[in-house]
Amino acid sequence: MTSPDRPGELQRLRRDADYMHFLVAAGELLGSSLDYRSTLKNVCTAAVESVADICILDLGSTSDIEMVGAAHRDKARTEDLQELAEHFDQEPGRPAHPVCMVLDSGQPFFAAHIDEEWIEQHATSKRHADFMRRMKYRSMIIVPVRSQIWGVTGTLTLIRTDGSTRPYDEDAIVFARDLGRRCGIAIGKARLHSQTVDIAERLQRAALPGHLPHVPGLHFDVLYEPADAALLVGGDWYDVFELRDGNVGISIGDVSGHGIESAAQMSSIRNAIRMALVMENDLSKVLEDADFLFHNEVPQATFCTTLIAVVDTRAGTLSCASAGHPGPMIWSKNRVQTPLREPSPPLGFGEIRRADVRPTSVTLEPGCTVLFYTDGIVEWLRDPLGGEAALRSALEDVAIRNATSPARAIRDVCVTGAHADDIALLVMRYEGTH
C-alpha cells in the first residue's frame, strides 16, 4: 500500500488541493456577475496565481475566434499575450492551431511535455514557434468551454512554462475540463439572461405608442428608460392619443414587478385603458372598469398604479383621476401646482368603485407645462420627498421647460446615477386654442 507521506504522493495531494481551492474560487467568481466577459478575465487572473503560468480564454468558432481573457503569472508579460490572436492562421504545410482543433472536435488537447521538437511539429507558423519559445512553453492543456444550450462556445488554455516545476498530467485534464464546464455554464446563463432582458425591453418598447399625436395648441415630449439593474425592465408606461371628439386621452402608470411578465401585463392594461377612454368620458367609470379587468387578468398580489387624463382642447381644461399614482405637476403662472390630491387605491389593490373616485379638473393657462411621471424618477435614491422637490425645481427652470427634449432634460437633472426602477415621463406644453 502506498503511504501518503511519500514525497510523490504528498506532491500529488498538494496539487489536487491547489486545483480544488482554485475551483472553489473560480466558482465564486463565475457566480458573482452576469457580465461574463469581465468574469472570465478575472478567472484567468486567478488561474495564474495558483494553477497555471499562462491562462487564455477564447470564444467563438474556428472562423471567428475572440480572446476574451488572458493572463501571465508575470504581470509584465500579460500584454504580450495579445499577440496570440495572430497565430491562428496557418502557413502552408503547417498544422491547425490546437485551439482550432478543440473547437472543431470538442475534445481536450494535452501536451504533457513541450520541447523544441514539439514546437516545430505543432506551431502554425514561424512566428507562432518563436512565440512559444519566447514564452518558454513546457506543458499545456486546452479544453472546450461548453454550454448545454449552445454547445462548444470557446476554449480554455492552461500553460506551464519553465518557471514551473510541475508539468500537467492526466489528472490535470479532469480539473481543466471541470473548469471549462463551469465557464460554459456561466456564459450560457449570462447569454440567456441577456436574451431575456432584450425580449423584455423589446416587448416594453413595442407596447409604448409608436408616435405622438399632432394636436393644435399642444406639444408632447416623452421618455421611457428601463432600470439600470439587470432584468429590471418592467411595467412603466406612458400613452397619449386622440379621442373621437377631438380631445386627447393620456395615461401613465406602473405595474408592480419586473421582467417579461410585468411588461406583458403593462401592455394589456395600457391597451384596456386606451380603449376605455375612447369609449367612455367618465374617468371614474374608466378606473372602475380597469380595476375589474386587472383583477381578472393578473395574478394575485400584483397591482398597478395609473393616472388617466383627458385634455379638452376646446375648453382648455385638463381632467384627471388616479389609482394610486402621483398626480401631474403643472407649471403655470410662475409656480408648480399639484391639483390632484385624492387618488384612489391602485388597480388590483382592494376594489375600486366608481363612487370612490375623485376626478379633478383644472383650467390650463396658455404657456403652461404639465408633467406626468412614474415614481422611478423620484425614488431612485429612496428619498421620495427629495425626489419630488428635485422634480419641482426642474419644472421651474425655464431652460429645462424650453429644452429641445424637456423630458430628457428633466430626467438628466433629477437622476444622476444608477436607478433601480423604470422611468417614464410625459411632458405636455399647452399653447392655448387659436
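## The five-stranded sheet

In this predicted model, five strands form an open sheet in the order β6-β15-β14-β11-β12, and their pairing is antiparallel. The edges of the sheet are β6 (218–225) and β12 (335–337), each of which pairs on one side only. From one strand to the next, the twist averages 20 degrees. At one edge, β6 is joined by eight bridges to strand β15 (residues 423–430), and these two strands run antiparallel; within this pairing, Y224 has A424 in β15 as its bridge partner.

Two helices pack on this sheet. Helix α9 (residues 384–396) touches β11 (329–332), β12 and β14 (368–373), and its direction makes about 30 degrees with that of β11. Helix α11 (residues 406–414) touches β6, β14 and β15, and its direction makes about 45 degrees with that of β6.

## A hairpin and its neighbours

Elsewhere in the chain, strand β4 (residues 137–147) is largely enclosed by the rest of the structure, because nine of its 11 residues are buried. Strand β4 pairs with strand β3 (residues 109–111) in the antiparallel sense over three bridges, and F110 has I141 in β4 as its bridge partner. Strand β4 is also joined by 10 bridges to strand β5 (residues 151–161), again running antiparallel, with V143 matched to L156 in β5. Three residues lie between β4 and β5, which together form a hairpin.

A nonpolar surface patch of about 270 Å² is made by I149, W150 and L192. Of these residues, L192 is found in helix α6 (residues 170–207), and L192 counts as partly exposed because its relative accessible area is 36%, which falls between the limits of 20% for buried and 50% for exposed.

## Salt bridges

The count of salt bridges comes to 22. One of them is formed by the side chains of R127 and E83, with a distance of 3.6 Å from N to O. R127 lies in helix α5 (residues 126–135), whereas E83 lies in the loop between β2 (64–72) and α3 (98–105), so this pair ties together parts that are 44 residues apart in sequence. The two partners can also be described by their exposure: R127 is partly exposed, at 47% relative accessibility, while E83 is buried, with a relative accessible area of 16%.

Another salt bridge joins D130 to K126, whose closest N and O atoms are 3.2 Å apart. Both residues lie in helix α5, four residues apart, about one turn of the helix. Here D130 is partly exposed, with a relative accessible area of 30%, and K126 is exposed, with a value of 54%. In helix α11 (residues 406–414), the side chains of R411 and D412 meet in a salt bridge at 3.5 Å, N to O; R411 is buried at 11%, whereas D412 is partly exposed at 39%. Salt bridges that share partners also join E116, E120, K126, D130 and R133 into one network.

## The chain as a whole

The secondary structure of the protein chain comes to 11 helices and 15 strands, and 49% of its 434 residues count as buried. Among contacts between residues at least 6 apart in sequence, 68% join residues at least 24 apart. One pair of residues with this separation along the chain is T45 and G69, which are 24 residues apart and have C-alpha atoms separated by 8.5 Å; T45 is placed in helix α2 (residues 36–47). The accessible surface of the chain comes to about 20,700 Å², of which 50% belongs to carbon and sulfur atoms.

Notes
Residues are numbered from 1 along each chain as its sequence is written. This is a predicted model: local features need pLDDT of at least 70, side-chain atom pairs count only at pLDDT 80 or more; totals for chains, interfaces and linings use all residues. Side-chain values use heavy atoms; hydrogens and water are left out. Two strands pair if DSSP finds at least two bridges between them. Axes are lines fitted to C-alpha atoms, for helices over the stretch in contact, and angles run from 0 to 180 degrees between N-to-C directions. Contact means heavy atoms within 4.5 Å. Buried means under 20% relative accessible area, exposed over 50%, partly exposed in between (1.4 Å probe, protein chains only). Accessible areas come from the Shrake-Rupley method with a 1.4 Å probe; for residues, only the protein chains shown count as cover. Patches are made of residues with over 30% relative accessible area and no salt bridge: like charges are joined within 9 Å, nonpolar side chains (Val, Leu, Ile, Met, Phe, Trp, Tyr) within 5 Å. A salt bridge is a side-chain nitrogen of Lys or Arg within 4 Å of a carboxyl oxygen of Asp or Glu.
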